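Reader: I'm new to this, so please give me a close look at the interface, plus a few loops worth a glance. Plain words are fine!

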Amino acid sequence: MKTVKSSFRFKGGVHPDYNKELARDKAIELLPLPAELVISMSQHLGAPAKCIVKPGDFVTRGQLIGEKNGFISVCVRASSSGKVKAVEKRPGPAGGKADAVILDTTAQPPEAPESPVASTGEGPVLPPLDWKAATREELLKRVEEAGICGMGGAGFPTAVKLNPPPGKRCEYLVLNGAECEPYLTADFRVMLERADRIRVGIEIMRKILGQCAVRVAVEANKPEAIAALEKALADIEGNVEIVVLPVLYPQGSEKHQIFATVGRVVPEPPALPIDVGCVVENVGTVAAIADAVEKGEPLLSRVTTVSGDAVAEPKNVLAPCGTKYADLVAFCGGEKEPPAKVISGGTMMGFAVPTMEIATTKTTSGLLLLSRRRVFQYGSGPCINCGRCLRACPMNLNPAEISKAVEADDIQAAEKEYHVMDCIECGACSFGCPSYRTITQMCRRAKNSIRARIAAEKAKAAAAAKEAK
Amino acid sequence: MATAILIIAGIGLVAAAALAVADRYLSVREDPRIGMVTAALPGANCGGCGFAGCDGYARALVAGTAPNGACAAGGAACAEAVAKILGVEATATERRVALVKCCGTRSEAIRVGDYNGICDCNVAAATAGGDKGCTYGCLGYGACANVCPKGAITIADGLAKVDKRLCIGCGKCVKACPKHIIELVPASATVHVLCANPDKGPAVRKVCGVGCMGCHLCEKNSGGKEAGHFIFQGFLAKVNYENPPTDEQVAAKCPAKCMSVDPHFETGH
């Protein structure tokens with residue numbers, strides 16, 4: 001094991017105010033169980049899970065409440081025992097509504113003798129596995145049944161990622177501990193406090209993926225995390241390196257991480273990191289895998305950073321998935337002043353949310369309450385051709401031209417000439433725009449309409465094929 | 001001089017011969033009725049019939065692959081004219097116009113956030129579902145007005161309204177609306193339910209002062225369930241446009257005030 005400096009720097013990137021000092025020294029605190037949990041069936045990327053409980057049911061902690069529904073999907077387990085109050089559509093942080101199980105955690109288990117004894121939080125949910133003795137299939141199955149998805153933000157099903165299609169081999173396992181989003185310190189605290197779990201996770205993942213080199217990527221502004229990882233990984237066998245990345249946003253982007261650690265470039269979509277022999281996992285996910293295997297603990301809770309200048313005591317909270325934002329903020333001493341903006345996630349890529357009734361998911365890395373002083377209200381101005389967004393774009397795109405094409409409703413030009421589908425929506429273009437143009441939003445609009453068009457074409461082709469039959 | 005005349009005349013002769021041959025062997029005989037039908041159609045090229053412009057529809061009509069009467073813009077008069085040309089019967093279709101099923105103005109429907117992104121409903125809807133408390137309601141950023149070929153849609157007080165006199169029923173706004181709350185309704189229908197929120201009454205009341213609560217009073221006032229003037233979806237009343245109610249008092253008596261008598265004319269031009 002050795003620590004090296006990254007020798008590749010990607011083009012572009014920006015330096016936002018990190019504001020990590022608000023929560024970086026706060027140890028992870030366990031949230032007391034909220035009285036009500038709202039557990040969404042769509043906490044991951046891909047098809048939402050199929051809800052298998054109905055109102056009135058009593059569920060135990062860790063019980064399967066949502067079945068995996070398709071290949072790119074993840075199962076959902078109850079974050080706590082309790083009585084199902086309702087199953088209804090609830091809005092998620094990004095706005096889309098999905099089925100959610102509303103759980104009353106104060107309910108007492110039914111006294112029926114024939115029902116299995118309700119465990120109220122104690123004891124393992126799944127039988128612990130000895131990862132040294134377990135087979136690859138057993139481990140992979142465990143990752144799948146523990147409901148683990150990428151905890152960095154996108155929520156890609158981990159079991160799918162760890163099972164590369166035939167013919168593709170993972171050469172590099174990259175652990176993403178960059179956490180380049182401002183304010184967020186959840187991954188930092190996990191690396192600091194749970195470095196030993198990350199080590200176990202690495203061993204398990206190496207067993208699943210076959211022998212591969214491991215690169216743990218950490219930004220240089222987290223020396224304590226690097227030290228903790230160095231200590232935990234000191235005597236690990238095999239090719240393991242901690243790569244210290246320069247502080248630059250969006251260093252935590254999967255593609256840029258691969259470039260910074262291994263020097264490989266992921267081709268444009270639909271290519272995936274596995275096409276260049278890499279698998280990238282967030283450090284939180286790796287720790288969750290270790291818990292799922294060694295302790296039999298499914299992914300039921302995660303560390304969320306509650307920060308911002310409008311929250312009384314910024315904290316890193318270990319909260320069950322499905323905790324309402326209002327409960328999280330209440331645990332952190334409530335609001336210091338009325339927030340002007342509440343963001344689920346980081347300030348660069350997170351979603352502004354309209355209500356505190358939204359609940360956390362497996363991917364909620366942060367909840368930021370920003371006061372009026374930190375929120376700048378603006379209108380989108382005309383492009384002055386300064387080229388700052390071109391310099392900032394880490395994907396080598398031309399955001400200025402994309403935004404102008406979208407303004408002119410010329411989605412085709414944005415797609416064919418300016419390759420808007422390569423955009424990772426990191427927000428670096430809007431961040432530096434002196435004309436306050438909502439460039440990222442325009443890219444997103446173009447991508448949404450292109451995706452809608454492709455979906456419509458597919459549906460049409462499917463209907464035509466059906467008719468031909 | 002003479003040589004020049006001869007050369008020009010020669011070229012003329014050769015070209016004439018080539019044209020004559022081309023006319024004989026390469027000509028494409030077009031049904032003259034296509035031109036006549038195209039002329040009879042309104043020429044709006046709105047695409048509401050499902051074909052690429054009026055010419056495309058005319059070709060389909062002459063070929064007999066499209067029903068006469070699919071032109072919403074032309075209406076019955078147009079269908080009759082086409083029927084005369086083609087010698088077929090006009091399928092009587094009523095003129096249909098777009099209706100925005102929401103009446104939650106800025107003062108009635110609460111807004112949960114300040115949206116200051118791009119002024120487009122599709123973008124706003126992709127940002128936390130939009131800034132309106134009611135996730136079903138009209139966002140009022142004009143995605144429908146932007147695609148309307150006739151300028152029949154105006155945005156006023158955070159709400160889109162269709163001017164019935166200008167609407168040609170092409171249905172472009174129906175496709176553009178991210179909330180799917182625009183519907184093509186018969187132009188003769190006068191009583192409408194201007195709400196698309198199927199949630200329970202208290203949930204609707206929380207976000208909008210003029211949302212349908214599904215109290216069934218409109219159904220009772222229009223002759224009960226047997227009369228069949230209304231269809232209920234969840235806690236939302238819908239006008240059965242196959243059999244629309246005619247009594248305008250029904251709308252006036254709606255306790256939620258989400259029904260309207262012909263809202264199209266509220267914003268004139």
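Author: Let's start with a bit of vocabulary: helices (H or I, at least four residues) and strands (E, at least two) are DSSP runs, numbered from the N terminus. The model is predicted, so local features need pLDDT of at least 70 and side-chain atom pairs pLDDT 80 or more, while totals for chains, interfaces and linings use all residues. Residues count from 1 along each chain as its sequence is written, chains are lettered from A and ligands numbered from 1 in written order, and side-chain values use heavy atoms, without hydrogens and water.

Now the interface. Chain B brings 14 residues to the contact (heavy atoms within 4.5 Å) and chain A brings 13. Together they bury about 1,200 Å², with 51% of that on carbon and sulfur atoms; buried area is the accessible area (1.4 Å probe) lost when two parts are put together, summed over both. On chain B's side, B:Asn116, B:Ile118 and B:Ala128 lose the most area, together 43% of what that side buries.

There's 1 salt bridge across the interface, meaning a side-chain nitrogen of Lys or Arg within 4 Å of a carboxyl oxygen of Asp or Glu. The partners are B:Asp120 and A:Arg445, at 4.0 Å, N to O. The chain B side that touches chain A splits into 7 nonpolar, 5 polar and 2 charged residues (nonpolar: Ala, Val, Leu, Ile, Met, Phe, Trp, Tyr, Cys and Pro; charged: Asp, Glu, Lys and Arg; polar: the others, Gly among them).

As for the loops, A:Phe376 sits between strand 18 (366-370) and helix 9 (388-392) of chain A. A:Pro250, in the loop between strand 12 (240-245) and helix 6 (254-262) of chain A, is joined to A:Tyr249 by a cis peptide bond, omega about 0 degrees.
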